Amino acid sequence: MTAFRFVIYLTALLQVSSCLPNSLLAQSLRTPEFQERAIKGFDHVYSLDYEDARSAFENLRQQYPQHPGPPLYLALTLWQRELFRRQDLALDRFVAPESFMQAPEQQMPAEDRNAFFRYIGESQAFCRAILKDKPSDRDARYFLGAAHGALAAFALTIDHDKLEAFRQGKQAYQYHLGIAVEQPDYYDAYVTLGLYEYIVANLPWYMKWIAQIAGYKGSEERSFKYLRMAATKSQFVSVNARSILVVLCLREQMYEEALENAQFLQRRYPRNFLLQLNVAQIFTEMNRPDQAADVYTKIIEQAEARTPNYQKMPPGVFRYRIGKAFMSMDRLERAQRLFTAAIQDPTTAERERTLSLLCLAEVLDLRGNRQQAIANYQQVLSGANFEDSHSTARGYLKKPYRRAR
């Protein structure tokens, strides 16, 4: 089931390539002014500056009131902001996204949800109006496929509806495949094609034969070829291609390529602390704990200094997450300090405080301080139950925590 869940999730990533400005824009949008404004808008998105991004795309929408791109970009911005609010943009969520298969714990604000679908509908209507007069228009077909990709992403990551995500993602692929067949140098389409090649290549055996009968034959080799082509030859979707390569390369244990792309993105968007966390996680996977620890330490220092954009994540969240990372690297003393700081900080949310208490108890067990560990497990039981913390604490009250071998 894990392989199937990963495949379903990847269909949602098709929207990433679809929602960026295309280098083959309609004639009225080929101006340097449009390209400059669109790029600035997405720079805000990648830097976690969502309100600035919305302002930029609203201005673009006013200047080009009948183009399908700006409303699609506004929908993407709302989607990204909601994932950030839910803390769902972590790299591990993309590499092993089983949690997206569970019922959502949070609901998207109704105003934002309605706006998302309104923007998508607006973009689709503009595409269909163009195609009514010119059915072969590639750019309109590209953006129509993009709208299906955005709906796929939303269905899975927000509503956790894997069937709708797969249906919408397939339509995005079909639109972009047709464009690439007609015009092989339409490089923006290759992100969608590359990702779908990977999806089909990784279908579980009991589904692969159905895909082959339907004419789908995926290849990981072609997948990476297409994604690398988009990363190097596309002016606008290269960032998205690199983002997807980070996920897939890490999944395939191609660590050097994952690190190269992650560091490229982190240098380009230094205000995005999630990209810095990605680099640290890859160092951990590469068994380079000293370099990972250096990056994590810098993140904590920037968070505690309230560096711009780092204040968007509460310090308790940083301390808990990075404490977990240090714990996984057997840096128990540093993990203990971070968990303790998270617990003692009055601004730490109840969820992170409870989970930090549980992790601190586990660290104390590992360091041989059983009595204090027991006290912490009991304290966990006295509060709310987060991520099955009560069951975990009861289990370790009976038997001390030990690392899985």
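Select Arg331 to start: at 22% relative accessibility it counts as partly exposed, a class that sits between buried (under 20% relative accessible area) and exposed (over 50%), using a 1.4 Å probe and protein chains only. The model you have open is predicted, so local features need pLDDT of at least 70 and side-chain atom pairs count only at pLDDT 80 or more, while totals for chains, interfaces and linings use all residues. Residues are numbered from 1 along each chain as its sequence is written, and side-chain values use heavy atoms, with hydrogens and water left out.

**From Arg331 to Asp290**

Keep Arg331 selected and add Asp290. Their side chains form a salt bridge, 2.6 Å from N to O; the term stands for a side-chain nitrogen of Lys or Arg within 4 Å of a carboxyl oxygen of Asp or Glu. This pair links distant parts of the chain, 41 residues apart: Arg331 is in the loop between helix H16 (315-328) and helix H17 (332-344), and Asp290 is in helix H15 (residues 289-304). Helices here are DSSP runs of H or I with at least four residues, strands are runs of E with at least two, and both are numbered from the N terminus. Asp290 is exposed, with a relative accessible area of 52%.

**H15 and its partner H14**

Now show H15 together with helix H14 (residues 273-285). Their axes come within 8 Å and cross at roughly 155°. Axes are lines fitted to C-alpha atoms, for helices over the stretch in contact, and angles run from 0 to 180 degrees between N-to-C directions. H14 and H15 are therefore roughly antiparallel to each other; that label is for angles over 145 degrees, with under 35 roughly parallel, 65 to 115 roughly perpendicular and the rest oblique. Residues to colour on the H14 side of the contact include Leu277, Val279 and Phe283, and on the H15 side they include Val295, Tyr296 and Ile299. Contact means heavy atoms within 4.5 Å. H14 passes H15 in a left-handed crossing, which has the near helix turned anticlockwise from the far one by less than a right angle (clockwise would be right-handed).

**More salt bridges**

How many salt bridges does a search of the whole structure find? There are 23. For one of them, select Arg81 and Glu51, whose closest N and O atoms are 2.4 Å apart. Arg81 lies in helix H4 (residues 69-85) and Glu51 in helix H3 (residues 50-63), so this salt bridge ties together parts that are 30 residues apart in sequence. Arg81 is partly exposed at 21% relative accessible area, and Glu51 is partly exposed at 45%.

Next, pick Glu82 and Arg86. Are these two buried or exposed? Both are buried, and their side chains meet in a salt bridge of 2.7 Å, N to O. Then select Asp49, Arg271 and Lys312 to see a network of salt bridges linking them.

**Where H4 meets H7**

Show H4 with helix H7 (residues 138-157). The axes of H4 and H7 come within 11 Å and cross at roughly 15°. That makes H4 roughly parallel to H7, and H4 passes H7 in a left-handed crossing. Among the residues that meet here are Gly69, Trp79 and Leu83 in H4 and Phe143, Ala150 and Thr157 in H7.

Zoom in on Thr157, which is buried with a relative accessible area of 1%. Its side chain makes a polar contact with the side chain of Trp79 at 2.7 Å. A polar contact is a pair of N or O atoms within 3.5 Å; within protein, one must be able to donate a hydrogen and the other to accept it, and residues adjacent in sequence count only if both atoms are side-chain atoms. The Thr157 side chain also reaches the backbone oxygen of Ala153 at 2.6 Å.

Asp139 is another stop in H7, and at 15% relative accessibility it counts as buried.

**On to H8**

Add helix H8 (residues 162-182), whose axis comes within 7 Å of that of H7, with a crossing of roughly 160°. H7 and H8 are therefore roughly antiparallel to each other. Residues in the contact include Tyr142, His148 and Leu151 of H7 and Gln168, Tyr175 and Ile179 of H8.

**Zooming out**

Finish with the whole chain in view: 20 helices and zero strands. Of its 405 residues, 54% count as buried.
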